[in-house]
Amino acid sequence: MEQGGRDPPVPRVAVVVFLLKGNTVLLGRRRNSHGDSTYALPGGHLEFGESFEECAGREVEEETGMKIEGTELLTVTNNVFRDGEKPLHYVTVFMRARPEDEGEEPRNMEPGKCDGWGWYEWKEEGLPTPLFGPLERMVASGFNPFPTQPQQH
Ligand SMILES: Nc1nc2c([nH]c(=O)n2[C@H]2C[C@H](O)[C@@H](COP(=O)(O)OP(=O)(O)OP(=O)(O)O)O2)c(=O)[nH]1
Ligand SMILES: [Mg+2]
């Protein structure tokens, strides 16, 4: 049985990636029983024995065909979804990374799960709507996935 369908249900670990290019992030419109039609980051379930960095690289490649580098941990959030058939609970690990090849464009490798990928500026006017709940809450909290500029002395 799929772990998410366990009875009683258990929290699962997801790893998702802010893939950064210039001042944009990569988002795709979800096709899924929860968060359907909302814009979300590439990512998925942490597999047994995997590091966060390995999971990030694997999920981005599976979903977009792109290889990533400079993968770093940003933050973790706790997310309960009640919009689908069954409630789901994820501890979501947010990473950031850059494309290995900045000139490469993402491909929609899993068209059943995503309508397609695009680069969006990380500011309220630049982001598509609706955003996936966990992402929406991060925007609302003022979270910035970009590296801060080194202090000028
Ligand atoms: N893809 C994605 N998942 C997110 C985000 N925020 C967040 O909390 N999650 C959580 C809820 C998702 O159900 C969970 C797993 O990601 P997913 O739904 O894309 O799973 P998937 O089909 O790619 O998983 P997999 O079987 O390929 O491992 O991660 C996000 O921005 N993007
Ligand atoms: Mg996914």
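Which backbone oxygen lies 2.7 Å from a polar atom of the side chain of T64? I opened the notebook with this point, working throughout on a predicted model.

**Entry 1: T64**

I found that the oxygen in question belongs to the backbone of V60. I placed T64 in helix α1. Its relative accessibility came out at 0%, so I entered T64 as buried. I then listed its contacts, leaving out residues up to four places away in sequence: T64 touches L26, P106, R107, M109 and W117.

**Entry 2: M109**

Since M109 appears among the contacts of T64, I looked it up next. I located M109 in the loop between β6 (88-99) and β7 (114-121). With a relative accessibility of 37%, M109 counts as partly exposed, because the partly exposed class runs between 20% and 50%. Setting aside its neighbours within four places in sequence, I recorded contacts from M109 to E61, E62, E63, T64 and G65. I also checked one backbone distance: the C-alpha atoms of M109 and E63 are 5.1 Å apart, although 46 residues separate the two along the chain.

**Entry 3: the magnesium ion**

I turned to E63 again, this time as a metal donor. The magnesium ion (ligand 2) has G43 (O) and E63 (OE) as its protein donors, and they lie 2.2 Å from it. G43 belongs to strand β4 (residues 43-45) and E63 to helix α1 (residues 52-64), so the pair ties together parts that are 20 residues apart in sequence. I noted both G43 and E63 as buried.

**Entry 4: ligand 1**

I counted the surroundings of ligand 1 as 19 residues, the closest being H34, L41, H45, T92 and K113. I then went through polar contacts to oxygen atoms of this ligand. An N or O atom in the side chain of E63 is 2.9 Å from an oxygen atom of ligand 1, and E63 is also a donor of the magnesium ion. For the side chain of E59, I read 3.0 Å between an N or O atom and an oxygen atom of ligand 1. For T92, a polar side-chain atom lies 2.8 Å from an oxygen atom of the ligand. I added the surface figures: ligand 1 taken alone exposes 610 Å², and the protein buries 88% of that.

**Entry 5: T38**

I looked up another threonine, T38, and found it in the loop between β2 (24-30) and β3 (39-40). At 11% relative accessibility, T38 counts as buried. A polar atom of its side chain lies 2.6 Å from the backbone oxygen of G35. Not counting residues up to four places away in sequence, I listed G28, R29, R30, P130, L131 and F132 as touched by T38.

**Entry 6: the whole chain**

I closed with overall values. The secondary structure comes to 2 helices and 7 strands, which follow the pattern β-β-β-β-α-β-β-β-α along the sequence. For 153 residues, a compact globule would have a radius of gyration near 15 Å, and I noted agreement, since the protein has 15 Å. The C-alpha atoms fill a box of roughly 55 × 30 × 30 Å along the principal axes.

I recorded 41% of the 153 residues as buried. Among contacts with a separation of 6 or more, 67% join residues 24 or more positions apart. The protein exposes about 8800 Å², of which carbon and sulfur atoms supply 50%.

Notes:
Residues numbered from 1 in each chain as written. Chains lettered and ligands numbered in written order. Predicted model: local features only at pLDDT ≥ 70, side-chain atom pairs only at ≥ 80, totals over all residues. Heavy atoms only, no water. Donors = N, O, S within 2.8 Å, 3.2 Å for Na, K, Ca; no water. Helix = DSSP H or I, 4+ residues; strand = E, 2+ residues; numbered from the N terminus. Buried < 20%, exposed > 50% of the residue type's maximum accessible area, 1.4 Å probe, protein only. Polar contact = N/O pair within 3.5 Å; in protein donor to acceptor, adjacent residues only side chain to side chain. Contact = heavy atoms within 4.5 Å. Near = heavy atom within 4 Å. Areas by Shrake-Rupley, 256 points an atom, 1.4 Å probe, with all protein chains shown as cover. Rg over C-alpha atoms; globule rule 2.2 N^0.38 Å.
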